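Student: May we work through a structure together, with questions and reasoned answers?

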Amino acid sequence: MSDLLRILENEFQIIAISFLIFVYILRIVWLFRFKSSKEKTYPEGNAKAGIAYSMLNVAMPWTMETTRKKHFFYIQFVLFHLGVTLAIGATFIIPYWPHLFEIKAIVWIFQFIVGVAFIVGLFRLYRRLADASIRLISSWDDYFSLILMILYFAVAFLAIPINYQRSEWPLILFFALTAFFLIYVPFSKIGHYLYYPFTRFFLGRTMGHRGVFAKKKKNRSTEGL
Amino acid sequence: MPDLEVKGKKIELSQEGFLYNPQEWDDDVARALAKAEEGIEDMSEDHWTVINYIREYFLEKNLAPMVRKVCKNTGFPLKYIFELFPSGPAKGACKVAGLPKPDGCV
Amino acid sequence: MSEKIKNKRIKIEDITNLPLELESQKKASQEKIGSVSEGKLKLYNQQKKNVDRFRELLSEKITRQLASSMVACVHCGMCAESCHYSLTRPDDPKMTPVYKADQIRRIFKKHIDWTGRVFPKWVKARSPVDDQDLNHLKNIVFGTCSACRRCTFNCPMGVETALLIRFARGILTDLGIVPEGVFNVSRDQWETGNQMAVTEEDYLDTLDWMKEELQEELDIPDIDIPIDKEDCDFMYTINPREIKFDPRSISHAAKIFHFAGEKWTMPKWGWDQTNFGLFSGDDRLGAYVAKNVYEAAVRLRAKRIVISECGHGYRSTRWEGYNWAEYDQNIPTESVILTLMRYIQKGMIKVDPAKNPEPVTFHDSCNLARSGDLLEAPRWVLDKVCTDYREMFPNRRENFCCTGGGGLLSMAEYRPLRLEVAKVKAEQLEATGAKLVCTICHNCVDGLTDLIKHYKLDMKVVQILELVSNSMVIRMP
Ligand code: SF4
Ligand code: SF4
């Protein structure tokens, strides 16, 4: 392994991750500086149950009309994000537990999912360009982030079967891209997973409090009203 | 909204079928409005009683009368007003009487 | 049948280029009406730096909840599948919820968010430059969204698009850049405490009249519509439309309350449970109107507030109003639908479903279903008072707006577009095969009636008080 790659895999990644965490903390502090509203009404349902229900939305495709009707969209959403998770996982496995990738089956699974995510990414890019409604709302950041993801999947696909002998380039590229990501993400739409808990929390709290979220028993009784 | 043709004259209607220029109103316009908007083929004497009252009230106060006032002054029970104008006093009677659309969620 | 109706397609520019109408504002300023001189009702002033003020208000008013909805959207476009505007006009990219929300989001990005402040072009951040731009924004947030919240429930990220729209409306209201209808109704509610400028005299006179008619109709001399009676079990609040144009619903209610043996009253002041602040986005107006109701209940020592059939009124009085007014809820507030349910459950009134034999379906009003909690209660009651109930699909949280929500019924200029996009609703109604569509919202009554007429459907709109009153079995002593 070259020195370049070793530093890239270790110190460099740690610096980049620290930067990411630092910016994320700033970002959360930033969000918390906006004033929050107080709930003054009697509850009808349960805010906590609503929050739980709302947070789990991502895993309950049947609760939302869009995901219930469009299976394809949900499946490609899952694959895409699974691809992201595995690719990120690989950035830790390669420097710290490389023996995991000595097991062929694991390499294949990783490669398969990341490969599918790559195809989903291409499809998403096509959709973003072809659908006039989505084109209209898309910014450079949207395109750039997506292209970056597609590239990332491709590079991850090549890097996962660790092979220093044949060529180090896939790995160098992979870790260079990872580092770039870590720095770029908090300023781009890719950081949306940081906000998911927030929007979902607020929506769940309101709707839970009002008894709209978390399907309740039919025909509530008016006893005690 | 299609404008109204009355005796060869074109009467401009608002988006909701109310007269654009309330001063353009006359009996023929009322008949045409009743037919186009309320499906009333022949205006009966009772229709006219209601319409004329609303019209007078409007000209005096620049305001649509409460349905209470309509009933009190025409002597018709509320139910009958709804029989005469299926869309009710606001969207039915006031419209035929050539008033602009009343404010609020109606 | 709705298939046969060929809508004239509205050009979106005809909506977004609608000018700012100022006639009513000029009149209000000449007449020096109270709410204007007290600074409650805002007028448009061309001389002022409105764009700068918009920015200031944006930073002043934004909350954590709104800010997170501003940053969380990933531009995935899923919400386009849920909005009746984009569903009826799929080839019009300006109809998607995300596009509409982006019109306010990009101003937020430009002035408050990080990346947009440094690299605005990169994330499509942009500030309005002149009042023309603000007027354009007005036409989008008031004219192309009924604030029904359906998109929120279908957004994987939980982005509150409808709240962002309301937020933008609120800022524009503060600058006087509003549709004329919004201005007029706000004016009336500020000035007279109710949406339709009903005077106290007219209010009392109408109630008195309803009482007399009831006494005559039922031949019961002691049936009453009590006014300002203290220590009652509940205080009944209504929609001014009931007083001004259709008081039949008041008499249905009075009749039911009488036979249930209820101790109830209506307040002399604070009787309007509707709230235009919800639509205009003006929290101060919202607080003022809601507080009138809460304070009336305290004054009369009522044990409970009952809200007549109204979607936005329920949402405002039961939920948002307390928060706008920062008023701790002190007594239960319920929709009359729950009152009815209690009467039937406890046997306080007897009903016979055979008296309502026509097939009836139920339309969930957005503000009651998505933004309220009344999903099952109306169905429970309908099941007891009708023989042929037919569900509408989709329903409950997923129902489509009557298409007249968000105050759109008071903005005539947007009506052609409103009716064009009502196609989804018309098809949904028609598919039920019902002859009656029941709703517990006065606003929905008008929205639905309008589209039924436009699409020539063979249907009539009814309200639940009417059906219950109809089905009552009255045993005369
Ligand atoms: S609002 Fe939600 S559904 Fe619509 S584009 Fe944004 S993230 Fe996607
Ligand atoms: S709130 Fe309703 S009308 Fe407005 S954008 Fe969302 S779905 Fe469309």
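The following exchange concerns a predicted model and treats its chains, its ligands and its cysteines.

Student: Which pair of chains has the most contacts?

Tutor: Two pairs of chains touch in this predicted model. Chain A and chain B are not one of them, since their nearest C-alpha atoms are 25 Å apart and contact requires heavy atoms within 4.5 Å. Of the two pairs that touch, the one with the most contacts is chains A and C.

Student: How much area is buried between chain C and chain B, and which three residues of chain C supply the most of its share?

Tutor: In this interface, 33 residues of chain C are in contact with 29 residues of chain B. The area buried between the two chains is about 2,600 Å², with carbon and sulfur atoms giving 57% of it. Of the area that chain C buries against chain B, 26% comes from three residues, more than from any other three: Trp209(C), Lys244(C) and Phe245(C).

Student: How far apart are the closest N and O atoms of the salt bridge between Asp202(C) and Lys69(B)?

Tutor: The count between chain C and chain B is four salt bridges. A salt bridge requires a side-chain nitrogen of Lys or Arg within 4 Å of a carboxyl oxygen of Asp or Glu. Asp202(C) and Lys69(B) form such a bridge, and their closest N and O atoms are separated by 2.9 Å.

Student: How many charged residues does the shell around ligand 1 have?

Tutor: The residues around ligand 1 include Cys73(C), Cys76(C), Cys79(C) and Cys155(C). By class, the shell has 10 nonpolar and two polar residues. The number of charged residues in the shell around ligand 1 is therefore given by what the classes leave, under the rule that Asp, Glu, Lys and Arg count as charged: there are no charged residues.

Student: Which helices of chain C each supply at least two residues of the shell around ligand 2?

Tutor: Around ligand 2 there are 13 residues, and Cys83(C), Cys145(C), Cys148(C), Arg149(C) and Cys151(C) come nearest. The shell divides into eight nonpolar, two polar and three charged residues. The helices that each supply at least two of its residues are H6 (84–88) and H7 (97–111).

Student: Is Cys148(C) buried or exposed?

Tutor: A residue counts as buried under 20% relative accessible area. Cys148(C) has 8% relative accessibility, so this residue is buried.

Student: Why does Cys401(C) form no disulfide, and how many disulfides are there over all chains?

Tutor: A disulfide requires two cysteine sulfur atoms within 2.5 Å. The closest cysteine sulfur to that of Cys401(C) is in Cys366(C), at 3.8 Å, so the two are too far apart for a bond. Over all chains, the number of disulfides is zero.

Key:
Residues numbered from 1 in each chain as written. Chains lettered and ligands numbered in written order. Predicted model: local features only at pLDDT ≥ 70, side-chain atom pairs only at ≥ 80, totals over all residues. Heavy atoms only, no water. Near = heavy atom within 4 Å. Helix = DSSP H or I, 4+ residues; strand = E, 2+ residues; numbered from the N terminus. Buried < 20%, exposed > 50% of the residue type's maximum accessible area, 1.4 Å probe, protein only. Buried area = accessible area lost by both parts, 1.4 Å probe.
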